Structures are given as structure tokens and as C-alpha cells.
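Please open the structure in your viewer and keep the selection panel at hand. The tour below suggests what to select next and says what is there.

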Amino acid sequence: MKKLIAAFALSLLPTLGFASAGPQTLPANIDLRDQASLQNGAKYFMNYCMGCHSLKYMRYNRMAADLGIDDITLRKTILVGDAKPGDPMTNAMRPEDGEKWFGVPSPDLTLVTRWRSPDWVYTYLKTFYADPTRPYGVNNLMFPSTAMPHVLADLQGLAPPVMAAHQTGTPVAEGVGPAVGGKLNAAQYDAMVRDITAFLTYAGEPVQLERRRLGVFVLLFLGLFFIVAYSMKKEFWKDVH
Ligand code: HEC
């Protein structure tokens, strides 16, 4: 019995926050109904991420239809090279090149918000910090020693690490300070990163948008059905009483 109680108490520890080592994620607060945010995210993704990361389970025309991007805009601003609207969103980088340049291939990101989480991706893009010991001069709070350069550094600027006090051994960062030298201010950068995260969350499960639209119809139908059923019930029973 004592053992049982001890096991129970131990199993509670993580919920109480005792076992939560590692950095906390920040809430991304994305809104998948916000089409402008998703469109912005798609635009940023094409400009800043697609050079290294593909979205190979997504097709251009499916994305355009879901996000309300018309055919002309799709062809003019999104399709690059000889890509066609029906093509999957792959890029020209070969995995072996990625491996040569960064030591690891840059993963396909269609499902990244599913294997990590939207909050994780949002926090990852916000927590690059200066670290001269790394090949690209940056490190990351969520993904220590990540092989990815800080590709948004010209927009965010560079943030200094906040080092944990009283450390022994190799010093580790426990936070990042305010970034300096970027073209965007902190609020603008947050909004941009939120849009990219929203877009990637949509890409990980495109039917989410459809489900919401269908959900409204289902509720309307249930409402109407209730009224009809109720009036029928009244009609059937009125002579019984
Ligand atoms: C110059 C190439 C390059 C560009 C551009 C780039 N990345 Fe990366 N990214 C990488 C590499 C390489 C990795 C693998 C890191 C590792 O495994 O250490 C990576 C990893 C990631 C991961 C973590 C994936 C995981 O392992 O869970 C995310 C999320 C990510 N990138 C998002 C983005 C976003 C969003 C953009 C655009 C703003 C972007 N990347 C632009 C090279 C790039």
C-alpha cells in the first residue's frame, strides 16, 4: 500500500511542475480562421524557408484554394521556376547538399507542428541567440546546437543569451534577451512568426479549415432538425392528453 501511495505521489510530480526541466514554450495564439494571417505566413514561408525546407505533402493549388489565393497571385508571387499549380511544394535542394552544408538535411516541414507543436515552432523561431562557438554564430533555446542558421536575423536582429546563475560545467542559456539590430520591432517580429506558425499548422492538417466550415453547417442542421422534431412531437401527442 505504501508503495502504491508513493508511486501515485511520484506520478503527480510532473503535473505539479517539478519534473519540467528544459525550456518552456510560449503560447503561439494562432487563429486558423484568420485568412490574412495564413496568407502572410505562406508568403514568408516561400521567401525565407522554402530554400531549405519543402512542404512535400502539400500542393500549391490546394493551398491557394484553402487560403483564398487567386490563380494570378499564385502564379505571379508564389510559384517559382517551372513549378506548376498542381505540383507538390518541393524545393530544388537535394538532401545530400543540405547534409554537406549544414551537417544534417533540413527536414520537410509539412508535419512539423504535429511532431513538435505550434507553440514549439513559434518559440523556436523566437529564441535564436548569439553564440560565437557555433558555426553560424547562433544557438537556440528550444533546439540546443541546431544546425539551422538564424535565417530571420536581418528582421529580428540578434538576441543575447541570458545565462543561468551559479553554474558548474558548460554554461547553458536559460533565456534570451531583447534582440538588437533588426528591421522589425519586437511586436512586428512576433506577428510574423505567429503567421508562419499558423501557416505551418494549417499545412500539417489542411482539413482543419474544412472541418470548421462543416461544423457550422452541422450545428445549423441540428438546430433546424430539433425544431422540426419538436413540432412533430407536439403534433403526435396533442390528442393523447
Ligand atoms: C539555410 C537553410 C535553412 C533555412 C532557410 C531555414 N531552415 Fe529551418 N532548418 C535548417 C536545418 C539544416 C535544420 C535541421 C536542424 C538540426 O537538425 O539540427 C532546420 C530545422 C528546422 C526546424 C526544426 C525541425 C525539427 O527537427 O523538429 C524548424 C521548425 C525549422 N527549421 C523551421 C524553419 C522556418 C520556419 C524557416 C523559415 C523562416 C526555416 N526553417 C528556414 C535549415 C534551414
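**Around the ligand and beyond**

Begin with helix 6 (112–115) and helix 7 (118–126), each of which supplies at least two residues of the shell around the ligand. Keep in mind throughout that this is a predicted model.

Next, select the ligand together with its surroundings: 22 residues surround the ligand, and the closest are Cys49, Cys52, His53, Arg116 and Met148. If you colour this shell by class, you will find 18 nonpolar, three polar and one charged residues.

Now show the side chains that make polar contacts with the ligand, taking them one at a time. Select His53, where an N or O atom of the side chain is 2.8 Å from a nitrogen atom of the ligand. Move on to Trp115, whose side chain has an N or O atom 2.9 Å from an oxygen atom of the ligand. Then select Arg116, of which a polar side-chain atom lies 2.6 Å from an oxygen atom of the ligand.

Which pocket does the space taken by the ligand correspond to? The ligand takes up the space of the largest pocket, so hide the ligand for a moment and look at the walls that remain. The largest pocket holds about 530 Å³ of space, and 28 residues line it, with His53, Pro107, Leu109, Tyr124 and Met148 nearest its centre. To see which elements build this lining, select helix 2 (35–48), helix 6, helix 7 and helix 9 (186–204), the elements that give two or more residues to it. Helix 7 gives the most to the lining of the largest pocket, namely four residues. Coloured by class, the lining of the largest pocket divides into 22 nonpolar residues, five polar and one charged.

Finally, turn to the second largest pocket, which has a volume of about 330 Å³. Of the 17 residues that line the second largest pocket, select Tyr129, Asn139, Pro171, Val172 and Ala173, which are the closest to its centre. Then show strand 3 (128–130), strand 4 (138–140), strand 6 (161–163) and strand 7 (173–176), since each of these strands supplies at least two residues of the lining of the second largest pocket. How many residues of this lining are nonpolar, polar and charged? The lining of the second largest pocket has 10 nonpolar, five polar and two charged residues.

How values were computed. Residues are numbered from 1 along each chain as its sequence is written. This is a predicted model: local features need pLDDT of at least 70, side-chain atom pairs count only at pLDDT 80 or more; totals for chains, interfaces and linings use all residues. Side-chain values use heavy atoms; hydrogens and water are left out. A residue is near a molecule or strand if one of its heavy atoms lies within 4 Å of it. A polar contact is a pair of N or O atoms within 3.5 Å; within protein, one must be able to donate a hydrogen and the other to accept it, and residues adjacent in sequence count only if both atoms are side-chain atoms. On a 1 Å grid over the protein atoms alone, a cavity is a set of points where a 1.4 Å probe fits but cannot get out, and a pocket is an open set with protein on both sides within 12 Å along at least five of seven lines; lining residues have an atom within 4 Å of a point. A molecule sits in a cavity or pocket if more than half of its atoms lie within 2 Å of its grid points. Ala, Val, Leu, Ile, Met, Phe, Trp, Tyr, Cys and Pro count as nonpolar, Asp, Glu, Lys and Arg as charged, and the others, Gly among them, as polar. Grid points are joined across faces, edges and corners, and a volume is the space filled by probe spheres set on the points.
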